[in-house]
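The following exercises are to be worked with the sequence and the structure at hand. Each task is followed by a solution in steps.

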Amino acid sequence: MSSALNSSSTSNDQNNNSAFNSTESTTINVDPSEVEKFNNLASEWWSNTGAFATLHEINPLRLNWIEENVKRGYQNAANKTTEQGLSGKKVLDVGCGGGILSESMARRGADVTGIDLGTENLKAAALHAEQSQLENTLRYQYIPVEELAKTHAGQFDVVTCMEMLEHVPDPSSIVQACYELLAPGGVCVLSTINRNPKSYLFAIVGAEYVLRLLDRGTHDYAKFVTPAELDKMALNTGFVRQDIIGLHYNPLTKRYWLAQNVDVNYMIAVQKPLV
């Protein structure tokens, strides 16, 4: 297996010759059934017509929005040139899965570390990184984000956590760890699904059963997170609000777009203050 599946160079006691690096933890903020669900689909991560086809389709939208907020955040922080966007930034992608977003950020010039608790996901991500010749700027690690925060606090310019919060027992713990991992002035972008009757209709009934954009059982409505809940989690950690946007889909035209309505899928950008 390629060295793309290794810890960052500053990790302690890691073996770069292993397929992936792991850190033991007595308490891990993870639902094993959720990890197994995505591990079982690992072979489909890089198929444009497979189980993750939707992620491939929305990735340009979320990538551009992430970069826009990185530029805006660093312009406000006034500690890095805004023209760079993701280029030159040290980025952590939490819950990276098969690496769809991680790779796209590396292609924009970022130095990216992707972490996940699905071993098969990480193998698929590392193999694709090797095939894409991105090993020098993209690496993967098997480790809970809370564990990484203990050893790498303040070491990242940007942290992303996309489509993950609705799959863990304690999303607030993830948000706290993201805050700790960011350097002062750093930008964090999170995405998840709102919890209301409309989101149940669109994200579960529509996406999983009618349109079959996602496999049945992908989501658990009870784990959806409202914008108010996520905003409170972020503010409680010390983040400053930056922006929020909704992701929308028209099944007739098969077009995705971003708009202010956050009734179903949404992304939020927050920033760690300089002081």
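**Exercise 1. Determine which strands helix 4 and helix 6 lie across, and at what angles they run.**

Step 1. Helix 4 (residues 119–131) lies across strand 2 (111–116) and strand 3, and runs at about 165 degrees to strand 3. Helices (H or I, at least four residues) and strands (E, at least two) are DSSP runs, numbered from the N terminus. Contact means heavy atoms within 4.5 Å. Axes are lines fitted to C-alpha atoms, for helices over the stretch in contact, with angles from 0 to 180 degrees between N-to-C directions.

Step 2. Helix 6 (residues 171–181) lies across strand 1, strand 4 and strand 5 (182–193), at about 155 degrees to strand 5.

Step 3. The basis of these values should be kept in mind. The model is predicted: local features need pLDDT of at least 70 and side-chain atom pairs pLDDT 80 or more, whereas totals for chains, interfaces and linings use all residues. Residues are numbered from 1 along each chain as its sequence is written, and side-chain values use heavy atoms, with hydrogens and water left out.

**Exercise 2. State the strand order of the open sheet and identify its edge strands.**

Step 1. The eight strands of the open sheet follow the order 3-2-1-4-5-8-6-7, with mixed pairing; two strands pair if DSSP finds at least two bridges between them.

Step 2. Strand 3 (138–142) and strand 7 (255–259) are the edges, each pairing on one side only.

Step 3. From one strand to the next, the twist averages 20 degrees.

Step 4. Strand 1 (residues 90–94) and strand 4 (residues 156–162) run parallel and are joined by four bridges. Valine 91 has valine 158 of strand 4 as its bridge partner.

**Exercise 3. Describe the salt bridges of glutamate 103, aspartate 111 and lysine 198, and the exposure of the residues involved.**

Step 1. Side chains of opposite charge can pair when their charged atoms come close. A salt bridge here is a side-chain nitrogen of Lys or Arg within 4 Å of a carboxyl oxygen of Asp or Glu, and the count comes to eleven.

Step 2. Glutamate 103 and arginine 107 meet at 3.4 Å, N to O. Because they are four residues apart in helix 3 (residues 100–107), about one helical turn separates them. Glutamate 103 is buried at 2% relative accessibility, whereas arginine 107 is exposed at 54%; buried means under 20% relative accessible area, exposed over 50%, and partly exposed in between (1.4 Å probe, protein chains only).

Step 3. Aspartate 111 and arginine 139 meet at 2.9 Å, N to O. Aspartate 111 belongs to strand 2 and arginine 139 to strand 3, so the pair ties together parts 28 residues apart in sequence. Aspartate 111 is partly exposed at 27%, and arginine 139 is buried at 12%.

Step 4. In the salt bridge of lysine 198 with aspartate 263, the closest N and O atoms are 3.3 Å apart. This pair links helix 7 to the loop between strand 7 and strand 8 (265–271), 65 residues apart. Lysine 198 is partly exposed at 33%, as is aspartate 263 at 28%.

**Exercise 4. Place tyrosine 200 in the structure and find which residues it touches.**

Step 1. Tyrosine 200 is in helix 7 (residues 197–210) and is partly exposed, with a relative accessible area of 41%.

Step 2. Leaving aside residues up to four places away in sequence, tyrosine 200 touches Val205 and Tyr221.

Step 3. Valine 264, 64 residues from tyrosine 200 in sequence, is 8.3 Å from tyrosine 200 in space, C-alpha to C-alpha.
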